[in-house]
Amino acid sequence: MSRSAHPAGPRHADVLPEGHWTAPATDLNALDEKVWSRTVTRDADGAVSVGGIEVARLAEEFGTPAYILDESDFRARCRAWAEAFGADADVFYAGKAFLSRAVVRWLKEEGLNLDVCSGGELATALDAGMPAERIAFHGNNKTIAEIERAVTAGVGRIVLDSFQEIVRVAHVAQGLGTRQRVQIRVTVGVEAHTHEFIATAHEDQKFGIALADGQAAEAVRRALTLDGLELVGIHSHIGSQIFDMAGFEVSARRVVGLLAEIRDEHGVELPEIDLGGGLGIAYTSEDDPREPHEIAKALGDIVTRECESAGLATPRISVEPGRAIVGPTAFTLYEVGTIKPLEGLRTYVSVDGGMSDNIRTALYDAEYSVSLVSRSSDAGPMLVRVVGKHCESGDIVVKDAFLPSDLAPGDLIAVPATGAYCRSMASNYNHALRPPVVAVRDGRARVIVRRETEEDLLRLDVG
Ligand SMILES: *Cc1c(COP(=O)(O)O)cnc(C)c1O
């Protein structure tokens with residue numbers, strides 16, 4: 001079982017001239033624990049196992065492509081977040097990263113709350129028994145039907161995203177004879193992605209109500225006058241795949257500034273602030289994400305400090321990690337199909353899935369790594385691009401990586417860190433059948449979302 005450093009991938013290929021990409025110095029058989037889920041090991045015979053089960057057995061039983069989700073890792077990450085934030089804060093898992101009934105049950109058992117942002121996600125959460133008061137409902141264009149369903153179910157909070165929605169939710173709640181707990185989502189003028197953040201001029205987007213020009217203060221004014229609403233806090237979500245805490249710092253400072261303004265104007269101290277999600281994970285060995293306890297400490301310190309200087313009691317903090325919980329817990333298992341060496345360029349390795357099961361590379365130019373998992377190999381490295389089977393030249397799963405040069409059709413390869421925004425964004429492009437999600441734990445594997453069938457496809461096509 002070797003779990004040492006993963007080869008340094010040719011991540012900077014874009015800035016290096018063609019032909020100057022250096023082969024990795026380290027062992028291609030090594031599995032970097034930063035990008036693989038916790039129970040992944042390479043066994044003495046060279047094959048990779050997860051949750052005590054060899055990947056070849058998983059492929060045989062469930063087919064490929066398949067998302068293999070490490071349940072004990074998922075649960076451990078939930079616990080780490082819940083413990084890091086403690087009893088005075090709330091962790092909401094962002095369901096859009098990946099949601100299924102099994103996931104809802106795990107969240108419930110591990111003490112997490114749940115963010116949903118559509119009627120479908122709400123239905124899944126309620127069906128699997130998540131208590132409504134532990135659900136927060138998001139979205140910039142919730143329908144009246146969705147609002148009615150959320151209010152009727154008694155969700156713990158609805159995050160208001162526009163002036164129209166303030167009125168809509170108030171109206172629905174009043175009509176149902178209740179008062180809905182709400183937060184107002186503000187845009188604080190910070191946009192953060194990965195290592196960078198920009199602290200001005202990012203109000204130009206569809207989410208939230210801008211803080212800068214007094215719009216947010218006006219939204220608060222309106223919400224406070226409506227009988228159907230109980231305004232409990234302010235919400236801010238600044239981006240995704242963030243490593244740098246500086247953006248959160250600016251966001252927290254601005255949100256606390258609004259709380260102070262609200263106190264001054266209305267004499268009310270809102271009891272909650274939500275700083276959103278967006279915490280980054282390692283997709284390749286070059287990413288260095290923060291641990292939940294570091295994040296909790298950084299956010300707690302910022303909010304406490306800002307509240308002290310504004311003379312406010314520290315509000316209850318909540319956060320909404322999606323990717324940071326589920327992302328690292330799954331990998332996509334593919335079977336290698338055709339292999340096409342392009343002289344002087346690279347070798348194209350085609351797999352039996354592609355952009356239909358992982359759109360992130362095409363959509364965001366995302367980085368991934370890949371390893372041969374059905375066996376080990378002593379062959380030298382070859383520069384590969386892992387591509388899918390779709391009729392689209394942008395159908396790329398892994399842009400640049402090294403795999404052993406003896407790779408052959410029928411080998412199994414796996415792309416780690418695909419737990420977030422892969423199955424949830426999967427499509428039926430080319431009438432592909434969306435892969436199953438197989439949960440493994442302690443030597444047991446079970447399907448939690450089954451593979452689509454041609455029958456499923458044809459059932460929707462009513463002629
Ligand atoms: C998408 C989203 C999240 C989760 O983002 P991650 O990058 O998966 O952590 C949290 N909160 C809101 C409001 C979101 O839109």
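In this predicted model, Arg168 makes contact with Asn141, Lys142, Ile144 and Ile147, when residues up to four places away in sequence are left out of the count. Arg168 itself belongs to helix H6, which covers residues 163-175. The residue is classed as partly exposed because its relative accessibility is 32%, and the partly exposed class lies between the limits of 20% and 50%. A further comparison places Arg168 within the chain: Gly322 stands 154 residues from Arg168 in sequence, and the two C-alpha atoms are 28 Å apart in space.

The second largest pocket offers another point of orientation. The space within this pocket amounts to about 400 Å³. Its lining consists of 19 residues, and those nearest the centre are Lys34, Arg38, Arg77, Pro289 and Glu291. Two helices, H2 (71-85) and H9 (292-310), each contribute at least two residues to this lining. Helix H2 provides the largest share, with three residues. By chemical character, the lining of the second largest pocket comprises 11 nonpolar residues, seven charged residues and one polar residue.

The cysteines may be considered last. A disulfide is a covalent bond that joins the sulfur atoms of two cysteines. The structure contains zero disulfides. Why does Cys117 form no such bond with Cys422? The sulfur of Cys422 is the closest cysteine sulfur to that of Cys117, yet the separation is 16 Å, which is too far for a bond; a disulfide requires the two sulfur atoms to lie within 2.5 Å. Cys117 is partly exposed, because its relative accessibility is 34%. Cys307, with a relative accessible area of 1%, is buried, since buried residues are those under 20%.

Key
Residues are numbered from 1 along each chain as its sequence is written. This is a predicted model: local features need pLDDT of at least 70, side-chain atom pairs count only at pLDDT 80 or more; totals for chains, interfaces and linings use all residues. Side-chain values use heavy atoms; hydrogens and water are left out. Buried means under 20% relative accessible area, exposed over 50%, partly exposed in between (1.4 Å probe, protein chains only). On a 1 Å grid over the protein atoms alone, a cavity is a set of points where a 1.4 Å probe fits but cannot get out, and a pocket is an open set with protein on both sides within 12 Å along at least five of seven lines; lining residues have an atom within 4 Å of a point. Grid points are joined across faces, edges and corners, and a volume is the space filled by probe spheres set on the points. Helices (H or I, at least four residues) and strands (E, at least two) are DSSP runs, numbered from the N terminus. Ala, Val, Leu, Ile, Met, Phe, Trp, Tyr, Cys and Pro count as nonpolar, Asp, Glu, Lys and Arg as charged, and the others, Gly among them, as polar. Contact means heavy atoms within 4.5 Å.
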